[in-house]
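Colleague: Before I rely on the labels attached to this model, I should like to hear the reasoning behind them. Could we take the terms one at a time?

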Amino acid sequence: QVQLVESGGGSVEAGGSLRLSCVASEYIDSSYCMGWFRQAPGQEREGGARIDSDGSTRYADSVKGRFTISKDKAKNTLYLHMNSLKPADTAMYYCAAEYGSLPSVVAGLQGYEYTYWGKGNQVTVSS
């Protein structure tokens with residue numbers, strides 16, 4: 001059972017940057033695929049970015065060019081670097097993990113692909 005703990009959220013003004021971290025309870029080597037999701041109040045959960053077991057990445061159009069997902073295997077940590085933040089980015093952010101590779105190159109942003117989830121970390125962007 002993999003446990004995931006997010007940190008690094010907070011409040012920032014529009015145009016600012018934040019880095020979210022997600023520490024896993026066990027070694028997240030190349031056998032795992034991982035992703036970042038977000039959910040704003042009253043809205044559906046939205047996939048933001050994912051990194052497959054081979055290191056390939058994919059982003060939702062809403063964050064492409066502004067967010068970067070990365071993984072530090074030595075620290076068992078997944079990151080989400082967020083730049084040029086907008087008020088629309090305000091949400092609870094969750095990391096997710098699954099053992100194995102994603103079923104296809106277009107997968108990883110729906111949520112059903114993952115078994116393990118963190119409890120979330122709030123990001124608030126003011127205008």
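Colleague: What makes arginine 45 a charge that lies over the face of phenylalanine 37?

Modeller: In this predicted model, arginine 45 is 5.6 Å from the ring centre of phenylalanine 37 and lies over its face. The definition asks for CZ of Arg within 6 Å of the ring centre and within 35 degrees of the ring normal, and therefore the term applies. Phenylalanine 37 also belongs to one aromatic cluster, together with Tyr114 and Trp117.

Colleague: Why is the pair of tyrosine 114 and tryptophan 117 called edge-to-face?

Modeller: Their ring centres are 6.2 Å apart and their planes stand at 80 degrees. Centres within 6.5 Å make a pair, and planes over 60 degrees apart count as edge-to-face, so the label follows. As to accessibility, tyrosine 114 is buried at 6%, whereas tryptophan 117 is partly exposed at 27%.

Colleague: How many aromatic pairs are found in the whole structure, and what makes tyrosine 32 and tyrosine 99 one of them?

Modeller: The search gives 4 aromatic pairs. Tyrosine 32 and tyrosine 99 have a centre-to-centre distance of 5.3 Å and an angle of 85 degrees between the planes, and this pair too is edge-to-face. Tyrosine 32 is in strand S4 (residues 32-39) and tyrosine 99 in strand S9, so parts 67 residues apart in sequence are tied together.

Colleague: Are these two tyrosines, 32 and 99, buried or exposed?

Modeller: Tyrosine 32 has a relative accessible area of 6% and is buried; tyrosine 99, with 56%, is exposed. The cut-offs are under 20% for buried and over 50% for exposed, so each value falls within its class.

Colleague: How do you know that cysteine 22 and cysteine 95 form a disulfide?

Modeller: Their sulfur atoms are 1.9 Å apart, and the rule requires a pair within 2.5 Å, so the pair qualifies. The count by this rule is 1 disulfide. Cysteine 22 is located in strand S3 (residues 18-24) and cysteine 95 in strand S9 (residues 91-99), so the pair joins parts 73 residues apart in sequence. Cysteine 22 is buried, at 0% relative accessibility, and cysteine 95 is buried at 0% as well.

Colleague: Why is this disulfide called right-handed?

Modeller: The torsion about the S-S bond is about 50 degrees, so the disulfide is right-handed.

Colleague: Why does cysteine 33 form no such bond?

Modeller: The closest cysteine sulfur, in cysteine 95, is 12 Å from that of cysteine 33, which is too far for a bond. Cysteine 33 is nevertheless buried, at 1% relative accessibility.

How values were computed: Residues numbered from 1 in each chain as written. Predicted model: local features only at pLDDT ≥ 70, side-chain atom pairs only at ≥ 80, totals over all residues. Heavy atoms only, no water. Helix = DSSP H or I, 4+ residues; strand = E, 2+ residues; numbered from the N terminus. Buried < 20%, exposed > 50% of the residue type's maximum accessible area, 1.4 Å probe, protein only. Phe/Tyr/Trp six-rings, centres within 6.5 Å; stacked < 30°, edge-to-face > 60°.
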